[in-house]
Amino acid sequence: MPGKILVADDSPNIREILKISLEGDGYTVVVAEDGEQALALAAKENPDLLIMDVMMPKVNGFQVCRRMKSDGATHDVPVIMLSAKSGQQDVHWGKDCGADEYMTKPFSTKELVKTIERLLKVRQERQATLASGVVEELSQRRARGEAGQIVQLEWDPRALDMFRKKYGEFKYSEAHKQFRDAAALFLRDQGDPGPVELHDASGLTVVLRGTAAEAKKVAAKLAKRLNEVAAGLYVVADRDRGHIPFRDPRNAQEEKFPLLTFSPRIVPEKAA
């Protein structure tokens, strides 16, 4: 799995620590000391993942993240934000700019590596999906002169992992089956049958007919149906609470893990 990681932080110590640690795990590491340099290296080096401090000179981390996520060439590069601030507002800003993860300093390099591995797995599975059955299905439709779109019904892999830990392997496997079956039934009801692919790291992928705008409307309905199925998998207490409480043994603080939900995304034409 090792790939190329761009580390952007104005602290020489943080840059050096991360470079040594990640290179020890087999990753190629390039470093930037400010946001402007990070943007330039992201375009030049084509990294697989970006680890970035929030407070940097010239261009801050939030701005860098927004630019990368709005650029078709880098929108799918996972971004991990590092910050000394742990307030809810700071986390909100991190997520709002498109960051995939938000970690507070001081951080555990072990936890950071686990996060890197998870995000790279998500990206790899998304790319694999685009080279599999759904792409062939789309190609066949277009060869027949039909409009179609690849749609990803994305979930948070952390929510899936917490579901698996709390409810066990049998319920986890049953959830997979129910999601596949619900999506397949929905497509048949729409008169638009096709492959349904499921990946633990990213969610479900299907092909929907029509223009991007038309497929987006249908995808929203499919996501709503899948969310209804997901809600029915939880016990009443978890469903009513809206999250699963978890006490972190490292700091005794209680975290709130979200329940499984699906968010539809039309795969851009270039990526498909």
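This report walks through the aromatic pairs of a predicted model and the bent helix that carries several of the residues involved.

**Aromatic pairs**

Seven aromatic pairs turn up in the structure. Take Phe163 and Tyr234 to begin with: the ring planes meet at 80° and the centres are 5.3 Å apart, so this pair is edge-to-face. An angle over 60 degrees is what earns that label. The two partners come from distant parts of the chain, 71 residues apart, with Phe163 in helix α7 (residues 157–189) and Tyr234 in the loop between α8 (212–231) and α9 (236–241). Are these two rings buried or exposed? Phe163 is buried, at a relative accessible area of 0%, and Tyr234 is buried too, at 4%.

A second pair joins two strands. Phe246 and Phe257 have planes at 85° and centres 5.8 Å apart, so they also sit edge-to-face. Here Phe246 belongs to strand β9 (residues 243–247) and Phe257 to strand β10 (residues 254–258), eleven residues apart. Phe246 is partly exposed at 33% relative accessibility, whereas Phe257, at 17%, counts as buried. The cut-off that separates them is 20% relative accessible area.

The two pairs are set out here:

| Pair | Centre distance | Plane angle |
|---|---|---|
| Phe163 and Tyr234 | 5.3 Å | 80° |
| Phe246 and Phe257 | 5.8 Å | 85° |

Elsewhere, ring pairs tie Trp155, Phe179 and Phe262 together as a cluster.

**Around Tyr172**

Helix α7 also holds Tyr172, which is buried at 6% relative accessibility. What lies over the face of Tyr172? Arg164 does, at 4.1 Å from the ring centre. Setting aside neighbours within four places in sequence, the contacts of Tyr172 are Leu160, Phe163, Arg164 and Asp200. Phe163 therefore appears twice in this account, as a contact of Tyr172 and as the edge-to-face partner of Tyr234. Tyr172 also has a C-alpha to C-alpha distance of 9.4 Å to Leu233, although the two are 61 residues apart in sequence.

**The shape of α7**

How far apart are the end C-alpha atoms of α7? They are only 28 Å apart, although the helix has 33 residues and a straight one would reach 48 Å at 1.5 Å a residue. The helix has a bend of about 125° at Gly168. Just beyond the end of α7, Gly191 adopts a positive phi of about 70°.

Notes
Residues numbered from 1 in each chain as written. Predicted model: local features only at pLDDT ≥ 70, side-chain atom pairs only at ≥ 80, totals over all residues. Heavy atoms only, no water. Phe/Tyr/Trp six-rings, centres within 6.5 Å; stacked < 30°, edge-to-face > 60°. Helix = DSSP H or I, 4+ residues; strand = E, 2+ residues; numbered from the N terminus. Buried < 20%, exposed > 50% of the residue type's maximum accessible area, 1.4 Å probe, protein only. Lys NZ or Arg CZ within 6 Å of the ring centre and 35° of its normal. Expected span 1.5 Å × (residues − 1). Bend = angle between axes of the 7 residues up to and from the residue. Contact = heavy atoms within 4.5 Å.
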